[in-house]
Amino acid sequence: MMLFLSLISLLAAVVPALAQGDLTAAHNTSGLEGTWSTGSRNVVTGSGFANPKNRTFTYPKTTGMSFSFTDTGFFEVARYRFTGNGTDPHCITGVMNWSHGKYVLVDNGSMILHPFGDGFQQIQDPCAAESNFIEDYNNTELYVQWRVFEDLIDGPKLHLFQFDGAPLPPQFQVSTTPNMLPTQPLRNVTTAASLTAQNLIATNAGERVWSSVEIVSLVTSLATVGIATLLL
Ligand SMILES: *[C@@H]1O[C@H](CO)[C@@H](O)[C@H](O)[C@H]1NC(C)=O
Ligand SMILES: *[C@@H]1O[C@H](CO)[C@@H](O)[C@H](O)[C@H]1NC(C)=O
Ligand SMILES: *[C@@H]1O[C@H](CO)[C@@H](O)[C@H](O)[C@H]1NC(C)=O
Ligand SMILES: *[C@@H]1O[C@H](CO)[C@@H](O)[C@H](O)[C@H]1NC(C)=O
Ligand SMILES: *[C@@H]1O[C@H](CO)[C@@H](O)[C@H](O)[C@H]1NC(C)=O
Ligand SMILES: *[C@@H]1O[C@H](CO)[C@@H](O)[C@H](O)[C@H]1NC(C)=O
Ligand SMILES: *[C@@H]1O[C@H](CO)[C@@H](O)[C@H](O)[C@H]1NC(C)=O
C-alpha cells in the first residue's frame, strides 16, 4: 500500500514536469516501436494470440500481457489473466482480451488507445451462471504515463500507468519490429454499442455466445492451465 501510494505521488510530481514533446530517453517515441511482453513473455500480440475473423483465441502457456506499436500510430494489445476468488478457490475467473487500433501520444505525457471496434474478449468463470462467453471489446484506454527504460540486463523495458495511476507490470521488448495482425478492422461488427468496463457484464448478456462443446473444453483447459499458471 505504501509503495502504491508513493508511486502515485511520484507520478503526480512527475506529470507537471513533462514538457510538451518531451523526447528524452524515457519518452522516446522511436524507442516505443516494437512488441513488448510481461514476465515469461509467452503472451505476444500477432497471429499467435487472437483470430478476429471467428473470435477465437490461441491460449498462451502462461498469463501475461503484450503491447505492440508501429511508428505510424497503430497499436495492438493482447491480455490473458486469471483472478482468484478468496471465498472459493475453485472459482477462478479467466480473461482473454484483445484489441487493436490507433494510439495517440498526448503532449501531457499520456497515451490514449482508440480501438477499431473489432476487439473481443472471452470470460471464463466456472462458478457463474454462464461459465464461458465471448463478447466484443471496444474500450478506449487511457494510460496517464508511459516510459521506456534501459535495463542493464533485460534491455528496453516499457512502463505503462493506468488511468488511475496504477502501474502495469513492466514489459520487455521481444522485438523491435512490431509483431501484429494487419492494422485495419479485421471483421465486421454489427453492434454499435460501446461499453465501459463497469457495465460490460450487465449490458452484454444478449451478446454472449454459447456452445456446449466449447464450455466443456474451455472449463477443462481453464482448470488445468489455471492451476499450472497459478503455481508459477
Ligand atoms: C530513442 O530510441 C532509439 C531506438 O531505440 C535510439 O536509437 C535512440 O538513441 C533513442 N534516443 C534517445 C534520445 O534516447
Ligand atoms: C478460427 O480461425 C483460426 C485462424 O484462421 C483457425 O486456426 C481456427 O481453427 C478457427 N477456429 C474455429 C473454431 O473455427
Ligand atoms: C467467489 O465465488 C462465489 C461463489 O462461490 C461468488 O458468489 C462470489 O461472487 C465470487 N467472488 C468474486 C469476487 O468473484
Ligand atoms: C492528458 O490529456 C488527455 C486528453 O485530454 C487526458 O484524457 C488525460 O487525463 C491527460 N493526462 C494527464 C496526466 O493529465
Ligand atoms: C465486411 O462486409 C463486407 C460486405 O459483406 C465485405 O465486403 C468486407 O470484406 C467485410 N470486411 C471484413 C473485415 O470482413
Ligand atoms: C468503438 O468505440 C468508438 C469510440 O467510443 C466508437 O466510435 C465506435 O463506433 C465503436 N465501434 C463499435 C464497432 O462499436
Ligand atoms: C480487458 O482489459 C481491459 C484493460 O485492462 C480491462 O479494462 C477490461 O476489464 C478487461 N476485460 C475483462 C473482462 O476483465
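**Ligand 5.** I looked up the surroundings of ligand 5 first and found Pro185, Leu186, Arg187 and Asn188 around it; a residue is near a molecule if its C-beta atom, placed from the backbone, lies within 6 Å of it. I sorted this shell into two nonpolar residues, one polar and one charged. For that sorting, Ala, Val, Leu, Ile, Met, Phe, Trp, Tyr, Cys and Pro count as nonpolar, Asp, Glu, Lys and Arg as charged, and the others, Gly among them, as polar.

**Ground rules.** I note that this is a predicted model, where local features need pLDDT of at least 70, side-chain atom pairs count only at pLDDT 80 or more, and totals for chains, interfaces and linings use all residues. Residues are numbered from 1 along each chain as its sequence is written, while chains are lettered from A and ligands numbered from 1 in the order in which they are written.

**Asparagine 188.** I placed asparagine 188 in the loop between E12 and helix H3 (200-203). Helices (H or I, at least four residues) and strands (E, at least two) are DSSP runs, numbered from the N terminus. Is asparagine 188 buried or exposed? I entered asparagine 188 as exposed, because 8 other C-beta atoms lie within 10 Å. The scale calls a residue buried at 20 or more other C-beta atoms within 10 Å of its own, exposed at 12 or fewer, and partly exposed in between, with C-beta atoms placed from the backbone. From asparagine 188 to aspartate 118 I read 7.2 Å, C-alpha to C-alpha, across 70 residues of sequence.

**Lysine 53 and arginine 55.** I found lysine 53 in the loop between strand E2 (50-51) and strand E3 (56-57). Lysine 53 has 10 C-beta neighbours inside 10 Å, so I put it down as exposed. Leaving aside neighbours within four places in sequence, lysine 53 is in contact with Leu186 and Arg187; contact requires C-beta atoms, placed from the backbone, within 7 Å. The C-alpha atoms of lysine 53 and arginine 187 are 5.5 Å apart, although 134 residues separate them along the chain. Arginine 55 is also in the loop between E2 and E3. I noted its phi near 50 degrees, a positive value in a residue other than glycine.

**Strands E4 to E6.** I followed strand E4 (residues 64-69) into strand E5 (residues 74-83): they pair in the antiparallel sense over six bridges. Pairing requires at least two bridges found by DSSP between two strands. E4 and E5 form a hairpin with four residues between them, and in the turn glycine 73 has a positive phi of about 95 degrees. E5 also pairs with strand E6 (residues 93-105), in the antiparallel sense, over 10 bridges. Which residues match valine 77 on either side? I found phenylalanine 67 opposite valine 77 of E5, and serine 99 as the bridge partner of valine 77 in E6.

**Core.** I then looked up the largest nonpolar core, which has 30 residues; among those touching the most other members are Phe67, Phe75 and Trp98. Such a core is a set of buried Ala, Val, Leu, Ile, Met, Phe, Trp, Tyr and Cys residues joined through C-beta atoms within 7 Å. The elements giving two or more residues to this core include E4, E5 and E6. Beyond its neighbours within four places in sequence, phenylalanine 75 has contacts including Phe67, His100 and Leu113.

**Totals.** I counted four helices and 12 strands in the protein. Of its 232 residues, 30% count as buried.

Note on methods
Two residues are in contact if their C-beta atoms, placed from the backbone, lie within 7 Å.
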